[in-house]
Amino acid sequence: MAMSSGKDDGSPMMDMNTTPLIDVMLCLLIMFIMSIPVATHSIDIDLPVATPPTDTPPPIDPVKNKVVLTASNEIMWNGTQIDGQRLLTTLQATTRMDPEPELQFQPEPNASYELSANVLQVIKASAVTKFGFVGNEQFSEFGK
């Protein structure tokens with residue numbers, strides 16, 4: 001490592017030493033940063049309170065119930081959205097009713113085939129005896 005101590009002719013070094021100046025500037029910068037007040041401005045926002053999901057089963061009509069499959073992969077029981085497990089328990093509850101209500105199955109034209117097959121398996125597993133497909137007339141022109 002080389003160190004410069006002036007010119008080779010023996011004359012003294014005439015440059016200003018900037019190290020103390022830089023040290024003083026850094027200390028002042030740190031002091032200014034620490035003296036800045038902490039931002040204590042806040043805005044109060046009222047957030048909505050989450051409501052816990054209700055586990056009330058959908059109402060069962062004693063005469064007929066309708067299962068509709070939508071194009072957005074939703075299962076609707078008499079107009080109320082329901083999931084697959086809740087559908088199975090509801091169907092099992094209808095089989096214990098006397099007389100057993102009729103179950104109507106109606107998928108929308110753009111409903112998922114996989115969802116339709118899964119729901120039909122759930123219906124078959126629940127041992128429903130009064131079952132029918134409705135709305136098939138909308139598919140009478142299918143493929144023509």
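Strands S1 and S4 run parallel, and 6 bridges join them. S1 spans residues 64-69, and S4 covers residues 102-107. This is a predicted model. Two facing positions mark the register. Lys64 stands opposite Glu102 in S4. Lys66 stands opposite Gln104 in S4.

S1 also pairs with strand S2, residues 75-77. Here the sense is antiparallel, with 3 bridges. Val67 of S1 stands opposite Trp77 in S2. The hairpin of S1 and S2 has 5 residues between the strands. Within this hairpin, Asn73 takes a positive phi near 60°.

S4 has a further partner in S5. The two strands pair in the parallel sense over 3 bridges. In S5, Gly132 is the bridge partner of Gln104. Gln104 also faces Lys66. S4 is largely enclosed by the rest of the structure, because 5 of its 6 residues are buried.

| Strand pair | Sense | Bridges |
|---|---|---|
| S1 and S4 | parallel | 6 bridges |
| S1 and S2 | antiparallel | 3 bridges |
| S4 and S5 | parallel | 3 bridges |

**Overall layout**

The chain holds 3 helices and 5 strands. From the N terminus on, the elements run α-β-β-β-α-β-α-β. The chain has 144 residues, and buried residues make up 21% of them. Contacts reach far along the sequence: among those between residues at least 6 apart, 66% join residues at least 24 apart.

**Aromatic rings on S4 and S5**

How many aromatic pairs does a search of the whole structure find? The search gives 3. One of them is formed by Phe105 and Phe131. Their ring centres are 6.3 Å apart, with 45° between the planes, and the pair is tilted. Phe105 lies in S4 and Phe131 in S5, so the pair ties together parts that are 26 residues apart in sequence.

Phe131 also pairs with Phe133. The centres of these rings are 5.2 Å apart and their planes stand at 75°, so this pair is edge-to-face. Phe105, Phe131 and Phe133 form one aromatic cluster.

Are these rings buried or exposed? Phe105 is buried, at 2% relative accessible area. Phe131 is partly exposed, with 32% relative accessibility. Phe133 is partly exposed too, at 47%.

**Glu100, a buried charge**

Glu100 sits in the loop between helix H2 (84-95) and S4. Glu100 is buried yet has no salt bridge. Which side chain of opposite charge is nearest to Glu100? That is Lys130, 6.9 Å away. A salt bridge needs a side-chain nitrogen of Lys or Arg within 4 Å of a carboxyl oxygen, so Lys130 does not qualify.

Glu100 does have a polar partner. Its side chain and that of Thr129 are joined by a polar contact of 2.7 Å. Not counting residues up to four places away in sequence, Glu100 touches Thr94, Thr95, Val128, Thr129 and Lys130.

**Ser126, after helix H3**

Ser126 lies in the loop between helix H3 (113-125) and S5. Ser126 counts as buried, at 5% relative accessibility. What does the side chain of Ser126 reach at 2.7 Å? The partner is the backbone oxygen of Ile123.

Leaving aside neighbours within four places in sequence, Ser126 is in contact with Leu88, Leu91, Gln92 and Thr95. Thr95 is also among the residues that Glu100 touches.

**Ser112, before helix H3**

Ser112 lies in the loop between S4 and H3. With a relative accessible area of 23%, Ser112 is partly exposed. The side chain of Ser112 reaches two backbone nitrogens. That of Glu114 is 3.3 Å away. The backbone nitrogen of Leu115 lies 3.3 Å from a polar atom of the Ser112 side chain.

Ser112 also links back to the hairpin described above. The C-alpha atoms of Ser112 and Asn73 are separated by 6.5 Å. The two residues are 39 residues apart along the chain. Asn73 is the hairpin residue with the positive phi.

Terms used. Residues are numbered from 1 along each chain as its sequence is written. This is a predicted model: local features need pLDDT of at least 70, side-chain atom pairs count only at pLDDT 80 or more; totals for chains, interfaces and linings use all residues. Side-chain values use heavy atoms; hydrogens and water are left out. Rings of Phe, Tyr and Trp (its six-membered ring) pair if their centres lie within 6.5 Å; planes under 30 degrees apart count as stacked, over 60 as edge-to-face and the rest as tilted. Helices (H or I, at least four residues) and strands (E, at least two) are DSSP runs, numbered from the N terminus. Buried means under 20% relative accessible area, exposed over 50%, partly exposed in between (1.4 Å probe, protein chains only). Lys and Arg count as positive and Asp and Glu as negative; His and the chain ends are not counted. A polar contact is a pair of N or O atoms within 3.5 Å; within protein, one must be able to donate a hydrogen and the other to accept it, and residues adjacent in sequence count only if both atoms are side-chain atoms. Contact means heavy atoms within 4.5 Å. Two strands pair if DSSP finds at least two bridges between them.
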